[in-house]
Amino acid sequence: MSTRRVLTGVAAAVAVALTFAVAAPAAAAVGKQTKPTIVLVHGAFADSSSWNAVIPLLQAQGYPVVAAPNALRGVQSDAAEVAALLKTISGPIVLVGHSYGGSVISNAAEGNPNVKALVYVSAFAPEVGESAASLSGKFPGSTLAQALAPPVALAGGGRDLYIDRAKFRDQFAADVPEALAAQMGAGQRPITEAALNEASPAAAWKNIPSWFVYGTADKNIPPQALAFMAQRAGAKETVAVDGASHVVMVSQPDRVAQVIQNAAATATQ
C-alpha cells in the first residue's frame with residue numbers, strides 16, 4: 001500500500017471523528033430538558049425572607065429560583081410588576097404565591113405562555129370580581145381583623161395595615177419558634193387596606209394547572225376557604241398540613257418544597 005493511500009485513509013478517519021465529536025454535544029443539548037424557573041411571590045405582612053427555608057431545598061434540586069418583590073399596594077399594580085419580571089425569564093416558569101400573593105399570581109400569569117403551573121401556598125385564588133377580604137369572609141374562622149394594629153394613614157390617601165406585634169405569633173405564625181416569629185413580626189411589611197378589598201380582574205388558574213398547600217390551623221384565611229378555592233380551581237394536588245399556621249412555608253418548608261417540585265415536574269418544555 002502506498003504512503004499516499006495510507007495518509008488519505010487517516011485523514012478521512014480523523015474527519016469522521018471530528019464530525020462526531022462536534023455533532024454529539026449538539027444533539028445532547030437539543031434533547032436535554034431545562035428545569036423551570038420557580039418564582040416565589042410573598043404575601044401581606046411578610047417579605048421575600050419568608051421563603052428562606054424553601055429556597056435552598058429547591059436550589060439543591062437544580063431549580064433556578066427568584067423571590068420576587070411584592071409591593072402590597074394593590075392587586076393590579078402588584079401583578080403588573082410581577083408580570084414585568086416574568087417577561088425577563090426565558091423558558092418555563094412555576095409561579096408560586098403565598099396569601100395575598102395568590103391574588104397577585106392569578107393576575108400576573110395571565111397571558112404569559114411561559115407560566116406552566118401555579119402553586120398556591122395558604123393563598124387566595126380569586127375568581128374575577130372577588131377580593132381577598134371577600135374570600136376570607138366567605139367562611140368563618142379568620143381572626144385577622146381582631147389582630148390588626150391601628151391603621152397607619154398614608155400621605156397620599158388610604159391606610160396601611162400591620163398585625164399587632166403582641167398578637168403576631170398567635171395570629172400569623174403559631175407553629176414557628178418564638179424568636180423567629182418575633183423577628184418576622186418586627187420586619188413585617190404592611191399591605192394597604194385597598195389591596196385587600198380590590199376585586200381581581202383575572203383568574204389565571206382557569207387556564208393554568210394549579211397546586212395548593214395550606215395549614216389546617218391557618219387563622220388568616222379560613223382552611224375551609226382554602227379547600228373551597230382548591231376544589232374550585234380543579235387543583236392537581238391539594239395538601240392540607242395538619243396543625244400548620246398561615247406561614248406553612250416557614251414551619252413546614254419540606255412539605256411546601258415538595259408540592260412546588262411536583263408542579264415543576266409537569267412544567268418542562
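**Start at F45.** Select F45: its relative accessibility is 3%, so the residue counts as buried. The model on screen is predicted. Keep F45 selected and add F172. F172 is buried too, with a relative accessible area of 1%.

Now look at how the two rings meet. By the distance rule, the count for the model is four aromatic pairs. F45 and F172 make up one of them, an edge-to-face pair. The ring centres are 6.3 Å apart, and the planes stand at 85°. Where do F45 and F172 sit along the chain? F45 is in the loop between strand 1 (37–41) and helix 2 (55–59), while F172 belongs to helix 7 (residues 165–172). The pair therefore ties together parts that are 127 residues apart in sequence. Add F168 to the selection. F45, F168 and F172 form one aromatic cluster.

**Next, F139 and F228.** Select both. Their rings form an aromatic pair that is tilted. The centres lie 5.6 Å apart, with 55° between the planes. F139 is in the loop between helix 5 (132–136) and helix 6 (144–147). F228 is in helix 10 (residues 223–232). This pair ties together parts 89 residues apart in sequence. Are F139 and F228 buried or partly exposed? F139 is buried, with a relative accessible area of 16%. F228 has 26% and is partly exposed, because buried means under 20%.

**Move to strand 1.** Select V41, which is found in this strand. V41 is buried, with a relative accessible area of 0%. Show A68 as well. It is 27 residues from V41 along the chain, yet the two C-alpha atoms are separated by 5.3 Å. Now display what surrounds V41. Leaving aside neighbours within four places in sequence, its contacts include W51, A68, N70 and V82. The same list takes in L95, V96, G97 and H98. G101, V104 and I105 are also in contact with V41.

**Strands 3 and 4.** V96 leads to the next stop. Select residues 93–98 for strand 3 and residues 115–121 for strand 4. The two strands pair in the parallel sense over six bridges. Which residue in strand 4 is the bridge partner of V96? It is V119. Add helix 4 (residues 101–108) to the view. Strand 3, helix 4 and strand 4 make a right-handed β-α-β unit. Colour strand 4 by accessibility: six of its seven residues are buried.

**Across to strand 8.** Keep strand 4 and select residues 210–215, which are strand 8. The two strands run parallel and are joined by four bridges. Follow V119 again: in strand 8, its bridge partner is W211.

Look at the cover on strand 8. Six of its six residues are buried. Both faces are covered. On one side are S210, F212 and Y214. On the other are W211, V213 and G215.

**On to strand 9.** Select residues 237–241. Strands 8 and 9 run parallel, with five bridges between them. Which residue in strand 9 is the bridge partner of Y214? It is A240. Bring back helix 10, the home of F228. Strand 8, helix 10 and strand 9 make a right-handed β-α-β unit.

**Zoom out.** Show the whole protein chain. Its secondary structure comes to 12 helices and nine strands. Of its 269 residues, 47% count as buried. Consider the contacts with a separation of 6 or more: residues 24 or more positions apart account for 74% of them. Turn on the surface. The accessible area is about 12300 Å², and 57% of it belongs to carbon and sulfur atoms.

**Last, colour by confidence.** The mean pLDDT of the chain is 90, and 87% of the residues reach 70 or more. Now select residues 1–31. Here the pLDDT is below 50. Beyond near neighbours in sequence, this stretch has two contacts in the model. Where pLDDT is low, the predicted coordinates should not be read in detail. Hide residues 1–31 if they clutter the view.

Definitions and conventions: Residues numbered from 1 in each chain as written. Predicted model: local features only at pLDDT ≥ 70, side-chain atom pairs only at ≥ 80, totals over all residues. Heavy atoms only, no water. Buried < 20%, exposed > 50% of the residue type's maximum accessible area, 1.4 Å probe, protein only. Contact = heavy atoms within 4.5 Å. Areas by Shrake-Rupley, 256 points an atom, 1.4 Å probe, with all protein chains shown as cover. Pairing = 2+ DSSP bridges. Right-handed = clockwise from strand over helix to strand, strands pointing away. pLDDT = per-residue confidence, 0-100. Phe/Tyr/Trp six-rings, centres within 6.5 Å; stacked < 30°, edge-to-face > 60°.
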